[in-house]
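Here is a short tour of one protein model. Keep the structure in view and find each residue as it comes up.

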Amino acid sequence: MNIYDISKVAGVSIASVSRVINGAENVSEKTRKKVLDVIDQYGYTPNAYARGLGRGSMKTIGIMCSDPTDMYLASAINFLETELRSQGYNSILCCTGFELENKKASFELLKSRQVDAFILVGSQFIEPNPEDNAYIIEGAREHPVMILNGYLEGENIYCTVCDEQGGMRNALHQLYDTGARKFVYVYSSVSYSGTQKLAGLHQGIAELGLPQGALRTVHGHRRFDEMAQLLKEAYEEEAFDAILGSSDTSGVGAVKFARRMGLRIPEDLQIVSWNDSTLAVASSPELTSVDAMLKELCQKTCQHLMTLLNPAEDAQGEPLETEIPKKTVIATRLVTRETTRF
């Protein structure tokens, strides 16, 4: 059934049917009832695309994610979609991978689907070469772009990040207070997020008056066994007494390393990981982990987006000016478990 059929059965014009479907107010209650009765009787579902064009909004948000198998990103998608649904919005998800051309293609695809806005999940979308971010900046001229845990300056671009630099700096201070003096940072990706964490560690080292050699880095892929092997090689080169991981995955790799080396946790080696995911609790021993406040980041992102898309109105029905910060920073918290002495 289509709107022409509804028009015939209800005995009203096609324009009247369209106004009822699109929620227009300039329709009499008698006409509205006729149309709604027919819709109920025949179970008609308006085409979302056609209805969206009529309203000037598809009530749909485009979400881009580089790797949906990543536990952090998968959780972020879940939180975002749940929050958007509660606000009456649908979402289209593009899993882009890490290649720039795929990211650009996904962005263009979402634009062709007439989405109302974009949410880029994770700092992997911020390229080190500024020219490679031009497609985001240009796209934001037409639609709001929200970036979750990444930062890019541009008109109509709004970023929500956790304080990764402060969180890592505080974790290092806590380890130092328990006697740790030789630190290793183990990570799997180079991104905006990673540079912020590393900056926090360097800040902590400087504040404590330690030599730069007190902090070493180990870089590998997101595989537990590989992380464990790389840490073993680093330990054989020079022993250390504390590991800070860029994720809970890195933390689990650190636990595997300690077991293989016969090191006692936390007596001989302390471990602090990042994200406070289910991996932190599933690990044995359970990982002390920095909570990156992911749910709060997602909620704040959606809150800002809804304010942009549905601004409050004054008594004359004119939209009120609402100032949304270009960068919102949310503090982390350290969740203490079995891999530290504090």
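This model is predicted. The tour takes in salt bridges, cysteines, unusual backbone spots and one helix.

## Salt bridges

How many salt bridges does a search of the whole structure find? The search finds 14. Three of them are described here.

Start with helix H3, which covers residues 29–42. Here Asp37 forms a salt bridge with Lys33. Their closest N and O atoms are 2.9 Å apart. The two residues sit four apart in H3, about one turn of the helix. Asp37 is partly exposed, at 37% relative accessibility. Lys33 is exposed, with a relative accessible area of 52%. The cut-off for exposed is over 50%, so Lys33 passes it.

Next, go to helix H6, residues 100–112. Lys111 and Glu108 both lie in this helix, three residues apart. That is about one turn of the helix. The pair forms a salt bridge, with 3.6 Å between the closest N and O atoms. Lys111 is partly exposed, with a relative accessible area of 21%. Glu108 is partly exposed too, at 44%.

The third bridge joins the side chains of Glu164 and Lys197, at 3.9 Å from N to O. This pair links distant parts of the chain, 33 residues apart. Glu164 belongs to helix H8 (residues 164–177). Lys197 belongs to helix H9 (residues 192–207). Are these partners buried or exposed? Glu164 is buried, with a relative accessible area of 3%. Lys197 is also buried, at 6%. Buried means under 20%, so both residues qualify.

The table puts the three bridges side by side.

| Pair | Closest N to O distance | Place |
|---|---|---|
| Asp37 and Lys33 | 2.9 Å | helix H3 |
| Lys111 and Glu108 | 3.6 Å | helix H6 |
| Glu164 and Lys197 | 3.9 Å | helix H8 and helix H9 |

## Cysteines without a bond

The structure holds zero disulfides. Take Cys95, which is in no disulfide. Its nearest cysteine sulfur belongs to Cys65 and is 5.5 Å away. A disulfide needs two cysteine sulfur atoms within 2.5 Å, so this pair does not count as one. Cys95 is partly exposed, at 44% relative accessibility.

Now find Cys302. Why does Cys302 have no bond to Cys298? Cys298 holds the closest cysteine sulfur, but that atom is 6.8 Å from the sulfur of Cys302, too far for a bond. Cys302 is buried, at 1% relative accessibility.

## Unusual backbone spots

Look next at two prolines. A cis peptide bond joins Ile265 and Pro266, with omega at about 10°. Pro266 lies in the loop between helix H11 (248–261) and strand E9 (270–274). Another cis peptide bond joins Ser284 and Pro285. Here omega is about 0°. Pro285 sits in the loop between helix H12 (278–282) and strand E10 (288–291).

Then turn to the phi angles. Asn156 is not a glycine, yet its phi is positive, at about 70°. Where is Asn156 found? Look in the loop between strand E4 (145–148) and strand E5 (157–162). Asn156 counts as buried, at 18% relative accessibility.

Met293 also has a positive phi without being a glycine, at about 55°. This residue is in the loop between E10 and helix H13 (294–309). Met293 is buried, at 14% relative accessibility.

## One helix in detail

Finish with helix H10, residues 224–237. The helix has 14 residues. At 1.5 Å a residue, they should span 20 Å. The end C-alpha atoms are 20 Å apart, so the model agrees with the expected span.

Which residues of H10 are buried? They are Met227, Ala228, Leu231 and Ala234. Seen down the axis of H10, these buried residues fall within an arc of 125°, so they line one face of the helix. What do they pack against? Their partners are strand E6 (183–187), strand E7 (215–219), strand E8 (242–245) and H11. The face of H10 turned away from the buried side carries the exposed residues Glu236 and Glu237.

Notes: Residues are numbered from 1 along each chain as its sequence is written. This is a predicted model: local features need pLDDT of at least 70, side-chain atom pairs count only at pLDDT 80 or more; totals for chains, interfaces and linings use all residues. Side-chain values use heavy atoms; hydrogens and water are left out. A salt bridge is a side-chain nitrogen of Lys or Arg within 4 Å of a carboxyl oxygen of Asp or Glu. Buried means under 20% relative accessible area, exposed over 50%, partly exposed in between (1.4 Å probe, protein chains only). The expected span of a helix is 1.5 Å times one less than its number of residues. The arc is that of the directions from the helix axis to the C-beta atoms. Contact means heavy atoms within 4.5 Å.
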